[in-house]
Amino acid sequence: MMQWESLAARQRPPRASRMKHVFSNAPIYDSIFRNLSPRTLVRLSRTCHMIHEAVTRFCQRAYNINRHLSRYFPDPLSFRSLQARTGLIISGSSALQFLDRSFYPESDLDIYCHPGHVYEVLEWMESFWYRFEPHKYQDASWRSQVSADWDGTVSRIRVLDPLHYLHEEDRVRSTRYSNIAEVYNFKRFMIIDEELVALQVQVIETINNPIDTIMKYHSTCVMNIITFDAAYSFYPIATFEDRSALKIPGSRHRPDVLAKYIKRGWRAYSLFRPGDLARPYESPFLPNITRWVGDRHCWTVPLDTSGVELRGALSPSSEQFSWDPSTQSGWTLLTKPSSLANFKVPEMDANLVATTIFRYSYMIPSQSLSLAIRGWACSQAKLYHGLVTRRDWTWCVYQYTIHFNCIYACTKVT
């Protein structure tokens, strides 16, 4: 009898006082939470108010973007203010590490820049003691390659003449990169933990916009971004729960780049799996489903913006906006026939909207919506090109959920 009572006592749930002791002491619950996946943390936070508060406090410490950036910049708020002014975003392995709560000491920082902001970003890099290290096809000074006078009121669509031979540096860029105008490498040496460390930052000038470039990445596991006010993972279940990645055909990244992530623990697939096609909404890759940055399928981590200086209006007649322009783009991961019967390969699909009316370019997953936006923008452009110069230009920087939908609705009515 005593043996059965002792066993029952051991099986009783922990007392409330013990639970309170655990989840009110950060050193204790941090050691538990740091080993849990993001989805497990979310589910755990829904169990009771006490644990919800503990998970919230843990996430505030775990996803501290200022601490993450302090490795590269002594003033992270200055960099994030630069992000807010220019729409600059972080992606690649740095964004993956931030969301995964991991650290790769050999990795660099990749930042993606909209057209027209490169000069300001490169000047900022030099002001924080980073030195430009040109490629063999670049001039010794980046100032000889980048103009401070960007004119967004002229056409942004590049039309290549097939009979025109590219310069050597253009051939190098077109072979190595997808939808990238140029890459500027910067390096700085710092003493970290009594060790001399070379920190490298790559400023990537995109041809259209950062999202367009990121959609050409080698696989889905690195499709994550950090803006000035939030971090986003486009495929969070696949990336952080299943530790899987879908290879994107046509990427110009070297094969060893994807191999690096396989060695870090991700499983890579070259084709959609049968279950992905049979139940697309249950698939972590969400095939043939319209997506937007920050939609319900994304994992969004809001960031503390205290001390970040937001951008002002682009001109006296332009509407001021506080959101990051990259968050207004979308895409669809299509299924395309493969050489193997009954199997499908992935293909990223989006429609570029680049007009002189919008300060930034956008990727729109719906062809009908993109045509509606272009039609409206074309009419607006005729008005302004006939009335004002670039000095008095009114920039339309629209938010998808409000303005783009209204444009689309109006075209449907008419």
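Here is a friendly conversation about how the terms used for this predicted model are applied to its residues.

Student: What should I know before reading the model?

Tutor: This is a predicted model, in which local features need pLDDT of at least 70, side-chain atom pairs count only at pLDDT 80 or more, and totals for chains, interfaces and linings use all residues. Residues are numbered from 1 along each chain as its sequence is written, and side-chain values use heavy atoms, with hydrogens and water left out.

Student: How do you know what confidence the predictor has in the chain?

Tutor: We use pLDDT, the predictor's confidence in each residue, from 0 to 100. The chain averages 86, and 86% of its residues score at least 70. Over residues 171-175 the pLDDT is below 50, and this stretch has eight contacts in the model beyond near neighbours in sequence; a contact means heavy atoms within 4.5 Å. Residues 407-411 also have pLDDT below 50, with eight contacts beyond near neighbours in sequence.

Student: What makes a run of residues a helix or a strand here?

Tutor: Both are DSSP runs numbered from the N terminus: helices are H or I with at least four residues, and strands are E with at least two. By that rule the chain has 16 helices and 15 strands.

Student: Why is H114 called buried?

Tutor: Buried means under 20% relative accessible area, exposed means over 50%, and partly exposed is in between (1.4 Å probe, protein chains only). H114 has a relative accessible area of 1%, so it is buried. You will find H114 in the loop between β2 (109-113) and α9. Leaving aside residues up to four places away in sequence, H114 touches T86, G87, T206, N209, P210, P325, S326 and Y360. Across the 414 residues of the chain, 48% count as buried.

Student: What makes R85 and E120 a salt bridge?

Tutor: The rule asks for a side-chain nitrogen of Lys or Arg within 4 Å of a carboxyl oxygen of Asp or Glu. The side chains of R85 and E120 meet at 2.9 Å, N to O, and so satisfy the rule. R85 lies in helix α7 (residues 76-86) and E120 in helix α9 (residues 118-127), so the pair ties together parts that are 35 residues apart in sequence. R85, at 30% relative accessible area, is partly exposed, and E120, at 32%, is partly exposed too. The structure holds 15 salt bridges.

Student: How do you know that R243 and D100 form a salt bridge, and is each buried or partly exposed?

Tutor: Their closest N and O atoms are 2.8 Å apart, so the pair fits the cut-off. This bridge links distant parts of the chain, with R243 in the loop between α12 (236-241) and β8 (244-246), D100 in helix α8 (residues 93-100), and their positions 143 residues apart. D100 has 17% relative accessibility and therefore counts as buried, whereas R243 has 23% and counts as partly exposed. The phi of R243 is near 55 degrees, a positive value in a residue other than glycine.

Student: Why is D149 called exposed?

Tutor: At 53% relative accessibility, D149 is over the 50% limit and therefore counts as exposed. D149 forms a salt bridge with R390, the closest N and O atoms being 2.9 Å apart. R390 has 38% relative accessibility, so it counts as partly exposed.

Student: What makes F189, I191 and L196 a patch?

Tutor: Patches are made of residues with over 30% relative accessible area and no salt bridge; like charges are joined within 9 Å, and nonpolar side chains (Val, Leu, Ile, Met, Phe, Trp, Tyr) within 5 Å. F189 has a relative accessible area of 47%, so it passes the 30% limit. F189, I191 and L196 make a nonpolar surface patch of about 340 Å². F189 lies in strand β4 (residues 180-192).

Student: How many disulfides are there, and what would make a pair of cysteines one?

Tutor: The test is a pair of cysteine sulfur atoms within 2.5 Å, and the structure holds zero disulfides. Among the cysteines, C48 is partly exposed at 29% relative accessibility, while C221 is buried at 0%.

Notes: Accessible areas come from the Shrake-Rupley method with a 1.4 Å probe; for residues, only the protein chains shown count as cover.
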